[in-house]
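Student: Could you walk me through one part of this model up close? I'd like to start from a single pair of residues in a sheet and work outwards from there.

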Amino acid sequence: MHEFPITKSIIDIIKEKIAGKDIKKVLRINLLINPYGGIEPDSVKFYYKLLSKNEPALKNAILVFKKEKIKIQCINCGRCFEVFKLVSACSKCKSKNLSVSLPKDMVIKSIEI
Ligand SMILES: [Zn+2]
């Protein structure tokens, strides 16, 4: 259910970005989501439709979702790697001593106008 506030903040950010500029239509919004953030693209689309219905520049934009990679660093050998699926051991030294940084649940990568 946390798609509602997150979708609202996405809309606010885009409104801010296009404010004062002569932009009549946002065609596409490219979003990056954390594969483990529990974000449901369909819910985001649903809330987007709801929240943008009174925003002529935004209301028909297409939302495109891409999964962001997870950054992992091995504490043991220092190897850094990026994956879509969490792993339990370093691919090089097999150590389980990993530092995992999950991306934000959802961020705007770019907008197309
Ligand atoms: Zn390692």
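Tutor: Let's start with Gln 73, whose bridge partner in strand E4 is Cys 80. Keep in mind as we go that this is a predicted model. That bridge belongs to the pairing of E3 with E4, which is antiparallel and runs over 4 bridges. The two strands make a hairpin, with 5 residues between them. Have a look at Gly 78 in the turn, where phi is positive, at about 85°.

Now step across to the other partner of E3. Strand E3 covers residues 70-74, and its pairing with E5 is again antiparallel, over 4 bridges. Here Lys 71 sits opposite Ser 101 of E5. Those two residues are 30 apart along the chain, yet their C-alpha atoms are separated by 5.3 Å. Ser 101 is part of strand E5, residues 98-101. Is Ser 101 buried or exposed? Count 8 other C-beta atoms within 10 Å, and Ser 101 comes out as exposed.

Put the two pairings together and you have an open sheet of 3 strands, in the order E4-E3-E5, with antiparallel pairing. Strand E4 (80-83) and E5 are at the edges; each has a single partner strand, so one side of each has no neighbour in the sheet. From one strand to the next, the twist averages 25°.

The loop between E4 and E5 is worth a stop too, as Lys 94 is found there. As a rule, most residues other than glycine have a negative phi. Lys 94 has a positive phi of about 65°, although it is not a glycine. It has 11 C-beta neighbours inside 10 Å and therefore counts as exposed.

For contrast, swing over to the other sheet. This one is open as well, with 3 strands in the order E2-E1-E6, but here the pairing is mixed. At its edges stand strand E2 (62-67) and strand E6 (106-112), each with a single partner strand, so one side of each is left without a neighbour in the sheet. Ignoring direction, neighbouring strands in this sheet are turned by 25° against each other on average. Strand E1, residues 28-33, runs parallel to E2, and 6 bridges join them. To find one of those bridges on screen, pick Arg 28: its partner in E2 is Ile 62. Helix H1 packs on this sheet, where it touches E1 and E6, and its direction makes about 35° with that of E6.

H1 has a helix partner as well. Helix H1 (residues 3-18) packs with helix H2 (residues 41-51) at an angle of about 55°, and their axes are 9 Å apart. What does that angle make them? H1 and H2 are oblique to each other, and their crossing is right-handed. If you want to light up the contact, select Glu 3, Phe 4, Thr 7, Lys 8 and Ile 11 on H1, plus Ser 43, Val 44, Tyr 47, Tyr 48 and Leu 51 on H2. Sorted by class, this contact has 6 nonpolar, 2 polar and 2 charged residues.

Conventions: Residues are numbered from 1 along each chain as its sequence is written. This is a predicted model: local features need pLDDT of at least 70, side-chain atom pairs count only at pLDDT 80 or more; totals for chains, interfaces and linings use all residues. Axes are lines fitted to C-alpha atoms, for helices over the stretch in contact, and angles run from 0 to 180 degrees between N-to-C directions. Angles under 35 degrees count as roughly parallel, over 145 as roughly antiparallel, 65 to 115 as roughly perpendicular and the rest as oblique. A crossing is left-handed if the near helix is turned anticlockwise from the far one by less than a right angle, and right-handed if clockwise. Two residues are in contact if their C-beta atoms, placed from the backbone, lie within 7 Å. Ala, Val, Leu, Ile, Met, Phe, Trp, Tyr, Cys and Pro count as nonpolar, Asp, Glu, Lys and Arg as charged, and the others, Gly among them, as polar. A residue is buried if 20 or more other C-beta atoms lie within 10 Å of its own, exposed if 12 or fewer, and partly exposed in between; C-beta atoms are placed from the backbone. Two strands pair if DSSP finds at least two bridges between them.
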